[in-house]
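Please consider the structure shown below. The paragraphs that follow begin with the protein chain as a whole and then turn to the ligand and its surroundings.

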Amino acid sequence: MAHSIIQVDILGLIAKAIYWGLKQIHRNDQSYKVNEVIKALRLQNKDELRPLLKAKKKTESGWDLVYILPPGVARKDFEKERVYFETFSNSIVEFECKGRRLTMHIYSTGYPNIIKFNFEPSAYSDMLAPLPIGVTPSGKLIVEDMYKLPHAMCGGMTNYGKTSWLIGVMTALLLSGVKVSVIDRKGLDFPRFAPWVNLALTETETENLLDAHIQEMRRRTKILKAHSCQNYQEYREKHNDLPYLVLIVDELTQIKSKAAQEAIDDLAHLARASGISLILATQKPSGKVWDGFTDTRSMLAGALCFYVRDVMDSQIVLGMGNTRGAELPKIQGRAIWNNDTDQMVQTMYLSAREAHSILDAKVPKEVYAFESRDERVKT
Ligand SMILES: Nc1ncnc2c1ncn2[C@@H]1O[C@H](COP(=O)(O)OP(=O)(O)OP(=O)(O)O)[C@@H](O)[C@H]1O
Ligand SMILES: [Mg+2]
């Protein structure tokens with residue numbers, strides 16, 4: 001009798017240990033939590049077929065779960081429920097879809113709120129104008145070639161990191177041999193960079209600087225023609241006298257004059273062929289920003305959206321139906337980069353003071369000499 005009681009106790013203990021062990025495995029197994037979320041949200045088609053977990057892989061930054069989607073269930077159904085996946089896995093979640101195969105990237109190793117500026121131009125020597133966007137949750141720095149974009153915009157609420165990003169971008173471009181111009185109507189952040197960039201602070205300077213770019217675009221078009229080059233890249237393969245130009249506008253809503261708005265429209269449409277790109281930033285991405293411009297917006301292939309309060313603002317920066325800018329955590333420097341697909345990034349932080357000392361040490365103090373440049377805007 002006593003013998004059988006001891007036996008039952010031992011069996012009970014073993015069962016408990018197995019149960020506890022399985023619980024621990026599940027606690028660490030993100031696929032278990034994700035499957036529970038899929039079940040609870042009834043992410044299934046009308047025949048009650050659910051996404052099927054095909055593979056799971058531990059990565060350096062968390063897990064990759066590969067699902068096969070049944071007909072009637074699409075990536076957007078997962079996107080809509082992102083907040084549940086992120087809450088239950090206590091991680092950042094990104095989706096990637098190829099046909100019916102959906103990969104859920106789960107980043108559980110922690111995503112820093114500050115990533116210091118670190119840019120090595122020689123790593124991007126194959127690009128005409130390397131534009132560092134930010135670091136993904138997996139730790140990869142996204143860098144785009146402006147020549148391929150060819151223009152970008154950045155939007156977001158005040159104090160979330162637009163100007164700091166522009167300062168980092170300006171520094172990276174200058175380190176890469178690109179010539180930069182800046183329209184800074186607030187006049188607070190960029191004047192100290194006057195030794196390296198063509199700067200416009202007032203309305204007249206803005207119009208003159210934009211006009212200088214338009215004249216430069218025409219001059220370059222003639223040069224390319226004279227050398228029988230189809231495009232800027234072809235010219236650059238043989239000549240070194242026309243550096244790539246990037247014009248940064250910090251706060252687009254400050255561009256109020258019709259002449260300046262038309263010049264930006266023209267540059268957005270025609271400048272790429274002559275090696276000129278635009279980066280336009282705005283605090284208030286509401287539809288009104290674009291009122292004075294014909295269709296500059298459609299030419300901005302890359303868009304970086306920091307936190308915005310309103311889903312409409314997010315859609316204006318990232319595209320119709322894309323509300324991710326409003327769903328971002330309220331973290332300075334945290335943003336969504338949209339160029340075909342979305343990618344969460346933490347922009348690299350560089351203060352104006354640090355940028356100045358990097359440029360002081362590494363980039364000669366000279367600005368691009370626009371041939372047609374008016375005396376009034378000479379800095
Ligand atoms: N990438 C970043 N990582 C961490 N903190 C950042 C980052 N970028 C900016 N910050 C912090 O946020 C502050 C505000 O940044 P910034 O001036 O760039 O904002 P902004 O979007 O340009 O604001 P505004 O619209 O008012 O001009 C900075 O002073 C800095 O403290
Ligand atoms: Mg700013």
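The protein chain of this predicted model contains 11 helices and 16 strands. Measured out along the principal axes, its C-alpha trace spans about 105 × 45 × 40 Å. Of the 379 residues in the protein chain, 50% are buried. Contacts in the chain can also be viewed by their separation in sequence: among those with a separation of 6 or more, 64% join residues that are 24 or more positions apart. The accessible surface of the protein chain amounts to about 19000 Å², and carbon and sulfur atoms account for 53% of that surface.

Attention may now pass to ligand 1. This ligand is surrounded by 17 residues, of which T158, K162, S164, K186 and Q283 are the closest. By character, the residues of this shell comprise 11 polar, 4 nonpolar and 2 charged ones. Helix α5, which covers residues 162–175, supplies the largest share of the shell, namely 3 residues.

Which atoms of the protein lie 2.8 Å from an oxygen atom of ligand 1? One is a polar backbone atom of N159. A polar atom in the side chain of K186 lies 2.8 Å from an oxygen atom of the ligand, and an N or O atom in the side chain of Q283 is likewise placed 2.8 Å from a ligand oxygen. On its own, ligand 1 has 630 Å² of accessible area, and the protein covers 80% of it.

The UniProt record, an unreviewed entry, lists a "binding site" made up of G156, M157, T158, N159, Y160, G161, K162 and T163. Two of the residues listed there, Y160 and G161, deserve a separate description. Y160 is located in the loop that runs between strand β8 (152–155) and helix α5, and G161 is found in the loop between β8 and α5 as well.

Is Y160 buried or exposed? Its relative accessible area is 14%, and a residue counts as buried when this value is under 20%; Y160 is therefore buried. G161, with a relative accessibility of 17%, is also counted as buried, because this value falls under the 20% cut-off.

The surroundings of Y160 complete the picture. Leaving aside residues up to four places away in sequence, Y160 touches F306, Y307, K330, I331, Q332 and G333. Y160 thus lies in the loop between β8 and α5 and has contacts with residues including F306 and G333.

Technical notes:
Residues numbered from 1 in each chain as written. Chains lettered and ligands numbered in written order. Predicted model: local features only at pLDDT ≥ 70, side-chain atom pairs only at ≥ 80, totals over all residues. Heavy atoms only, no water. Near = heavy atom within 4 Å. Polar contact = N/O pair within 3.5 Å; in protein donor to acceptor, adjacent residues only side chain to side chain. Areas by Shrake-Rupley, 256 points an atom, 1.4 Å probe, with all protein chains shown as cover. Helix = DSSP H or I, 4+ residues; strand = E, 2+ residues; numbered from the N terminus. Nonpolar A, V, L, I, M, F, W, Y, C, P; charged D, E, K, R; others polar. UniProt positions renumbered as here; feature names shortened; annotations may be inferred. Buried < 20%, exposed > 50% of the residue type's maximum accessible area, 1.4 Å probe, protein only. Contact = heavy atoms within 4.5 Å.
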